[in-house]
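Here is a small set of exercises to work through with the model open in your viewer. Try each task before you read its solution.

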Amino acid sequence: MARDQLSRAFAALADPTRRDLVARLSLGDATVGELAAPYRLTPQAISKHLKVLEEAGLVTRRRDAQRRPVHLEAEVLDQMTAWIERYRAQAEERFRRLDAVLDQMAADERAADDRAADDQAVGETAADDPTADDDGRRMERGDRT
Amino acid sequence: MSSTNKTQILASDKVPTITIIREFDHPRERVFRAFTDPDLYAQWIGPRALTTKITKWTARTGGEWAFVNLQDGQEVASFFGSFHEVRAPERLVWTFTWEGAPDGVSLETMTFEELPGDRTRITGLSVVDSFEVRDQILASGMEVGVVEGYEKLDELLAKTA
């Protein structure tokens, strides 16, 4: 689905009445009269809301049928959910990088504490490579930025 | 150990905002430092496919910041803003503008909350000026998220293993 259509779908659902209409239609197709019944709104007002939902691709109406029942395009809603999930996954990936940076900071702090306590002590993070002291690791990280 | 910390995203229907909530297995002072120390910040802010070069960074109330994203040494995007408030270690408020849309600005408030066991919860609230802009920001996840993969994450995790 094109991004501008998704934006229209999000904008259409920013309205509480239209969200109610979508919730009602998730139970099954309904006519304008049936949709208007629970509201203090005229069928004309409901039709206006439905037009916004229709332009956003969220609902369709069968042109040929006499009653012209309104049908919810559920897959559009699924795509909207997927859309937010992608954004969430992107933020999650960023925060996992932050997790790793925080782990490294903790390791650096422990190493610094160990050196302060005993100059002969080898810090935990430097154990694999005695040349990878605190400054060495900083340089390495600096290269990536 | 951090696999249980899941990012939550809330997009309000009433105001054009995005809220991000995430917990970390580290004390608040350390998390706050990873947000305010430019060398540390540049390491994780991403995105993975790009490198981040900080050009201005005065992390104090009334200070300024700017950074550019580079791809193969070429600048592909630049961002700037002000540090509205830096209140260590609990609150960070800044403005954020992408120079590609110079009239747009979001106001971002990051709250750092202490949790038991030396853990921290951060809540980031971004306020923009219209639902359209908010939705475009959400939509940006679509492009970057797919391309990005998990390579950079794997590298970092391997480094700290």
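**Exercise 1. Read chain B along its sequence: what pattern of helices and strands does chain B follow?**

Solution. Keep in mind that this is a predicted model.
- Step 1: count the elements. Chain B has four helices and eight strands.
- Step 2: put them in order. The pattern along the sequence is β-β-α-α-β-β-β-β-β-β-α-α.
- Step 3: do the matching job for chain A. There are six helices and two strands in that chain, and they follow the pattern α-α-α-α-β-β-α-α.
- Step 4: add the burial figures. Of the 161 residues of chain B, 24% count as buried; of the 145 residues of chain A, 26% do.

**Exercise 2. Work out the strand order of the sheet in chain B, and find which strands stand at the edges.**

Solution. Begin with the general idea: strands of a sheet pair through backbone hydrogen bonds, either parallel or antiparallel.
- Step 1: start from β1(B), residues 8–11, and β2(B), residues 17–24. Four bridges join these strands, which run antiparallel, and a hairpin of five residues connects them. As a landmark, look for Ala11(B), which stands opposite Ile18(B).
- Step 2: move on from β2(B). Eight bridges join β2(B) to β8(B), again antiparallel, and here Thr19(B) stands opposite Leu125(B).
- Step 3: complete the order. The open sheet of eight strands reads β1-β2-β8-β7-β6-β5-β4-β3 in chain B, with antiparallel pairing.
- Step 4: find the edges. β1 and β3 (51–57) of chain B each have a single partner strand, so one side of each is left without a neighbour in the sheet.
- Step 5: look at the twist. With direction ignored, neighbouring strands of this sheet are turned by 20 degrees against each other on average.

**Exercise 3. Which residues of α1(B) are buried, and what do they pack against?**

Solution. A residue counts as buried if 20 or more other C-beta atoms lie within 10 Å of its own.
- Step 1: list the residues. In α1(B) the buried ones are Arg28(B), Val31(B), Phe32(B), Ala34(B) and Phe35(B).
- Step 2: look down the axis of α1(B). The buried residues fall within an arc of 155 degrees, so they line one face of the helix.
- Step 3: recall the general spacing. An α-helix has 3.6 residues a turn, so residues three or four places apart point the same way.
- Step 4: name the partners. Within chain B, the buried residues of α1(B) pack against β2, α2 (38–44), β6 (91–98), β7 (106–115) and β8 (119–127), and they also pack against α5 of chain A.
- Step 5: place the helix on the sheet. α1(B) lies across β2, β5 (74–87), β6, β7 and β8 of chain B, running at about 160 degrees to β7(B).

**Exercise 4. Describe how α5(A) meets chain B: at what angle do the axes of α5(A) and α1(B) cross, and which residues make the contact?**

Solution.
- Step 1: find the two helices. α5(A) covers residues 74–117 and α1(B) covers residues 28–36; their axes come within 10 Å and cross at roughly 115 degrees.
- Step 2: assign the hand. The crossing is right-handed.
- Step 3: list the contact residues. α5(A) contributes Leu98(A), Val101(A), Leu102(A), Met105(A) and Ala106(A), while α1(B) contributes Arg30(B), Val31(B) and Ala34(B).
- Step 4: sort them by class. The contact has seven nonpolar, no polar and one charged residues.
- Step 5: check the sheet too. α5(A) packs on it, touching β1 and β2 of chain B, and its direction makes about 135 degrees with that of β1(B).

**Exercise 5. Where in chain B are the cis peptide bonds and the positive phi values of Asp72(B) and Asp118(B)?**

Solution. Most residues other than glycine have a negative phi, and most peptide bonds are trans.
- Step 1: check omega. The bond from Gly46(B) to Pro47(B) is cis, with omega near 0 degrees, and Pro47(B) sits in the loop between α2 and β3 of chain B. The bond from Ala88(B) to Pro89(B) is also cis, with omega near -5 degrees; Pro89(B) lies in the loop between β5 and β6 of chain B.
- Step 2: check phi. Asp72(B) has a phi near 50 degrees and is found in the loop between β4 (63–71) and β5 of chain B. Asp118(B) has a positive phi of about 60 degrees and is found in the loop between β7 and β8 of chain B.
- Step 3: compare their surroundings. Asp72(B) is exposed, with 7 other C-beta atoms within 10 Å, whereas Asp118(B) is partly exposed, with 13.

Methods: Residues are numbered from 1 along each chain as its sequence is written. Chains are lettered from A and ligands numbered from 1 in the order in which they are written. This is a predicted model: local features need pLDDT of at least 70, side-chain atom pairs count only at pLDDT 80 or more; totals for chains, interfaces and linings use all residues. Two strands pair if DSSP finds at least two bridges between them. Axes are lines fitted to C-alpha atoms, for helices over the stretch in contact, and angles run from 0 to 180 degrees between N-to-C directions. A crossing is left-handed if the near helix is turned anticlockwise from the far one by less than a right angle, and right-handed if clockwise. Two residues are in contact if their C-beta atoms, placed from the backbone, lie within 7 Å. Ala, Val, Leu, Ile, Met, Phe, Trp, Tyr, Cys and Pro count as nonpolar, Asp, Glu, Lys and Arg as charged, and the others, Gly among them, as polar. A residue is buried if 20 or more other C-beta atoms lie within 10 Å of its own, exposed if 12 or fewer, and partly exposed in between; C-beta atoms are placed from the backbone. The arc is that of the directions from the helix axis to the C-beta atoms.
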